[in-house]
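This briefing addresses a computational chemist who wishes to review the sheet, pockets, cavities and aromatic contacts of a protein model. Please consult the sequence and coordinates displayed below while reading.

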Amino acid sequence: MTDHQMLQSIAGSLRHGSSDDVLSIVDPSTGTELTTGLSANASDVDAAVSSARAAFAGWSRTTPAERSELLLRWADELSTRSEEFIALESRNGGKAIKLARGFDIPGVIDNVAFFAAIARNLEGKATGEYSGDHTSSIRREPIGVVGSIAPWNYPLQMAAWKILPAIAAGNTIVLKPSELTPLTTLLFAETAVTAGIPAGVINVVTGPGSTVGQTLVEHPDVNMVSFTGSTRVGRSVAATAAGSVKRVHLELGGKAPFVVFDDADVEAAARGAVAGSLINAGQDCTAATRAYVQRPLYDQFVERVAELMNGVRVGPTDDPSTDMGSLISIAQRDNVAAMVDRARDAGAKVVCGGGAPSDQPDAGAYYEPTLIVNAAQDSEIVQNEIFGPVLVCLPFDTDDEGLALANDTPYGLAASAWSTNVFRAQRASREIQAGCVWINDHIPIISEMPHGGYKASGFGKDMSTYSFDEYTNIKHVMSDITSAAHKGWHDLIFTAG
Ligand code: NAD
């Protein structure tokens, strides 16, 4: 037991899980084991929920200013220790260090600072005498204990997107990170306590989803469940949460279309498609996955994307010049490879990539930047999430056709439209069914604006004031101002006396 790292953070302290199951935490770019630890079991989930419940009494009564002050101190603490977070996130996620340094960690610090401001910004309808005889007012109250479940692709950002709006609004939380990538989440919880956030406000339980995640979602003393992950698991989480009528917030899979109209700047679109499809080795729920290009630009676009993809430097994650690291696991790499192979067997053409790079270690979960053409719209590679560095490119003729193809998957998380014509671009932003439509760009996110899906990509928003609102209950308080015993509306029910 003593050789294991403590992977649970309950009531402000790190501890070993109570299960006998050993979790192996790996650097997927080398296959090296970083650490091991014992998984949580149901008794740890119980302890974490009890700790969150106990902390809720005090935390929910802190003033917005007090919560804001603590979040600001936390942002400072994170900035001070950012190099530690960057190295750990890169190593555990197989991420190129420049991505962790330029995107993951600064994004989280900005989020903490943003929610420090938002904590002081509760909004609602104005108090007033809407009935004439009563004063109506709105209270926004924290919901209680939130149970959250996060995926492995951006471990720290996903944890932050769940934790921050919840605690800024006065809730307490038990978060289960992916069992593959708990390390930065545990460090995040530790720095919260260092910054003065009371023990028990943030608890972390680590272990498999089918046991630890399931127990958390079912737990009778959890009031709300927020989940980020695949649509398949999200469906099961929603069904489980329905059993105890918990509020559910779901951020699920994506299959973002990238629509290039024939007046677009091709160079800008090609560069955007390469960056948008390869970010985080394509393991990004908003990654560009389906480029629909209007016929006059199609050949030029395919050629330029292939050229740019061939220049992407795949390599060791700690090398600052590496553009793209590995995927999260050999299993994920094999899923991606199998999907590309099936597409090839079905008649699609692999223009570049399409295999593991020969110059990287076999034990690393590397896959080449890959461009595919000639795939059918109804084929698996166009319809299903790949979650790897793979872009499929298809031609279209009319604007209507391009927009219809963009909407033709079950998902609706994000999309982009590329055009120099303001009318076309605006029309695309209206017609495409997705929670975010970028115009002449693809990927940037900001703390002030919401992130969340349409259709099978789920519901619920992360970041922004919209997410903050989701972690509050709305209470209407209606006070009689007549002091009359006999109220006019009573006559609808009885007239005696
Ligand atoms: P996943 O659905 O396999 O797992 C997500 C989390 O759920 C993990 O912590 C896992 O342990 C847990 N889990 C698994 N089964 C569970 C169960 N029965 N009950 C409770 N929890 C359970 O997803 P993943 O492979 O970790 O992440 C990739 C997926 O996440 C992709 O589909 C991606 O699109 C999605 N994602 C979505 C967003 C978004 O904002 N919409 C952001 C990032 C990732």
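The points below are grouped by topic.

The model is predicted. Its open sheet comprises seven strands, its largest pocket has a volume of about 920 Å³, and its largest cavity has a volume of about 100 Å³.

**Sheet and the helix across it**

- The strand order in the open sheet is E13-E14-E15-E12-E11-E17-E18, with mixed pairing.
- Strand E13 (349-352) and strand E18 (436-439) form the edges, each pairing on one side only.
- From one strand to the next, the twist averages 25°.
- Strand E11 (residues 256-260) and strand E12 (residues 288-294) run parallel and are joined by five bridges.
- Within this pairing, proline 257 stands opposite arginine 290 in E12.
- Helix H9 (residues 266-278) lies across E11, E12, strand E15 (390-396) and strand E17 (414-418). The angle of H9 to E11 is about 170°.

**Largest pocket**

- The volume of the largest pocket is about 920 Å³, and 36 residues line this pocket.
- Nearest its centre lie Trp152, Gly229, Ser230, Arg232 and Val233.
- Helix H7 (209-218), strand E9 (224-228), helix H8 (231-242) and helix H11 (330-345) each contribute at least two lining residues.
- H7 gives the most to this lining, namely five residues.
- By class, the lining holds 15 nonpolar, 14 polar and seven charged residues.

**Second largest pocket**

- The second largest pocket has a volume of about 490 Å³ and a lining of 23 residues.
- Val274, Ala275, Leu278, Ile279 and Asp323 lie nearest the centre of this pocket.
- Helix H4 (97-118) and H9 are the elements that give two or more residues to the lining.
- H9, the helix that lies across E11, E12, E15 and E17, supplies the largest share of this lining, with five residues.
- The lining of the second largest pocket divides into twelve nonpolar, six polar and five charged residues.

**Cavities**

- There are five cavities of 30 Å³ or more.
- The largest cavity, of about 100 Å³, is lined by Phe103, Tyr154, Gln157, Met158, Trp161, Asp284, Cys285, Thr286, Ile443, Ile445 and His451.
- H5 gives the most to the lining of the largest cavity, with three residues.
- The residues lining the largest cavity comprise seven nonpolar, three polar and one charged.
- The second largest cavity has a volume of about 70 Å³. Of the 15 residues that line the second largest cavity, Gly282, Asp284, Ala287, Thr289 and Phe387 are the closest to its centre.
- By class, the lining of the second largest cavity has seven nonpolar, five polar and three charged residues.

**Aromatic pairs**

- The count of aromatic pairs comes to seven.
- The rings of phenylalanine 103 and tyrosine 154 have centres 5.7 Å apart and planes at 70°, so this pair is edge-to-face.
- The pair links distant parts of the chain, with the two residues 51 apart. Phenylalanine 103 belongs to helix H4, whereas tyrosine 154 is in the loop between strand E6 (145-149) and helix H5 (155-168).
- Phe103 and Tyr154 are also among the residues that line the largest cavity.

Note on methods: Residues numbered from 1 in each chain as written. Predicted model: local features only at pLDDT ≥ 70, side-chain atom pairs only at ≥ 80, totals over all residues. Heavy atoms only, no water. Pairing = 2+ DSSP bridges. Helix = DSSP H or I, 4+ residues; strand = E, 2+ residues; numbered from the N terminus. Axes fitted to C-alpha atoms, helices over the stretch in contact; angles between N-to-C directions. Contact = heavy atoms within 4.5 Å. 1 Å grid on protein atoms, 1.4 Å probe; cavity = no way out; pocket = protein on both sides within 12 Å on 5 of 7 lines; lining within 4 Å. Points joined across faces, edges and corners; volume = space filled by probe spheres on them. Nonpolar A, V, L, I, M, F, W, Y, C, P; charged D, E, K, R; others polar. Phe/Tyr/Trp six-rings, centres within 6.5 Å; stacked < 30°, edge-to-face > 60°.
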